[in-house]
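I opened the file to look up a few backbone oddities, then the packing of helices and rings. My entries follow in the order I made them.

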Amino acid sequence: MSSIKNKWLTIWHGFEEKHPKLSKWVYQIFYFFVFSMGVTVFQYLVFTFMPGILGKDLAGTEFMWPQKEMHLFGVDFTWSLLGYNVLRDASGAVLIGGGLGYFISYETGSFLAQCINFPLQRNITFKSKGNPVYQAMWYFIAWVVISLICNGFNNLWMPIASAYVPPAIYNLLVTFITGGVSMVIFFFVFKIIFPEGEPEKKEK
């Protein structure tokens, strides 16, 4: 095993010497993807289990802003930027996976995932030595903006998906579509807020 590792390191160091800029991008994209997928799995677990823990009272509590009535693909629903429709079965009974319960679960899972993701991306992926408070502030602002974009996008297709697919598939779609959109945007946000070695340059 160690011989394979040593051989790989030799190849990688040779690649770094020949292509320093490209190797940095490859390194960053690789670790960014690995850490992002890790927190995506974490989010999926929160999205799947937390709504059930919160119960049907919160799942049946409507929390949506702003509200715009829509009809797409045979499904009537209310679109919003914040919050989710209350989901009901054919008899009108409340289903887990919507309403205030799902909104709390979504935001909790997403926020905790960023708390895990931030130090990993800052310290390992981008090896940044910038001001952590300043970077955390911009990271939080970016997360809020991206969350609003994803929420608005999700609320166009989630009510339709919930009418045709089981909850496990529904949560999987929410997780990976949201995660996919967020990953692309966040990578370039990170390139801006995590400048590598900035303080050392200033000191010199």
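I began with P66, which sits in the loop between β1 (63-65) and β2 (68-72). The peptide bond leading from W65 into P66 is cis, and I read an omega near -20 degrees. I note here that this is a predicted model.

Next I looked up positive phi values. F73 has a phi of about 50 degrees, positive although F73 is not a glycine. I found F73 in the loop between β2 and β3 (75-79). Is F73 buried or exposed? With a relative accessible area of 66%, F73 is over the 50% cut-off and therefore exposed.

K127 also has a positive phi, near 45 degrees, and is a residue other than glycine. I located K127 in the loop between α4 and α5. Its relative accessible area is 48%, so I entered K127 as partly exposed.

Entry on the helix pair α1 and α2. A general reminder to myself: two packed helices are described by the angle between their axes and the distance between the axes. For helix α1 (residues 2-18) and α2, the axes come within 5 Å and cross at roughly 130 degrees. An angle between 115 and 145 degrees counts as oblique, and α1 and α2 are therefore oblique to each other. Which residues meet there? From α1 I listed W12, F15, E16, E17 and K18, and from α2 P20, L22, S23, V26 and Y27. Sorted by class, this contact has six nonpolar, one polar and three charged residues.

Entry on the nonpolar core. The largest one has 27 residues, and Y102, V174, F186 and F190 touch the most other members. Two or more residues of this core come from each of α2 (20-54), α4 (99-125), α5 (132-164) and α6 (167-193). I then checked what V174 touches, leaving aside its neighbours within four places in sequence. The contacts of V174 are F47, Y102, Y106, N154, W157, M158 and G179.

I looked at T178 as well, which lies in helix α6. T178 has a relative accessible area of 6%, so I recorded T178 as buried. With neighbours within four places in sequence left aside, T178 is in contact with Y106, C150, N154 and L173. I also took one long-range distance: the C-alpha atoms of T178 and I96 are 20 Å apart, with their positions 82 residues apart along the chain.

Entry on aromatic rings. How many aromatic pairs does the structure hold? I have 25. One of them joins Y139 and F186, a stacked pair at 5.4 Å centre to centre with 20 degrees between the planes. This pair links distant parts of the chain, since Y139 is in helix α5 and F186 in helix α6, 47 residues apart. Both Y139 and F186 are buried.

For F140 and W143 the ring centres are 5.8 Å apart and the planes stand at 45 degrees, so I logged the pair as tilted. F140 and W143 both lie in helix α5, three residues apart, about one turn of the helix. F140 has 43% relative accessibility and so counts as partly exposed. W143 has a relative accessible area of 10%, so W143 is buried.

Last, I noted one aromatic cluster, formed by W25, F32, F118, F126, Y139, F186, F187, F188, F190 and F194.

Technical notes:
Residues numbered from 1 in each chain as written. Predicted model: local features only at pLDDT ≥ 70, side-chain atom pairs only at ≥ 80, totals over all residues. Heavy atoms only, no water. Core = buried A, V, L, I, M, F, W, Y, C linked by side-chain atoms within 4.5 Å. Buried < 20%, exposed > 50% of the residue type's maximum accessible area, 1.4 Å probe, protein only. Helix = DSSP H or I, 4+ residues; strand = E, 2+ residues; numbered from the N terminus. Contact = heavy atoms within 4.5 Å. Axes fitted to C-alpha atoms, helices over the stretch in contact; angles between N-to-C directions. Parallel < 35°, antiparallel > 145°, perpendicular 65-115°, else oblique. Nonpolar A, V, L, I, M, F, W, Y, C, P; charged D, E, K, R; others polar. Phe/Tyr/Trp six-rings, centres within 6.5 Å; stacked < 30°, edge-to-face > 60°.
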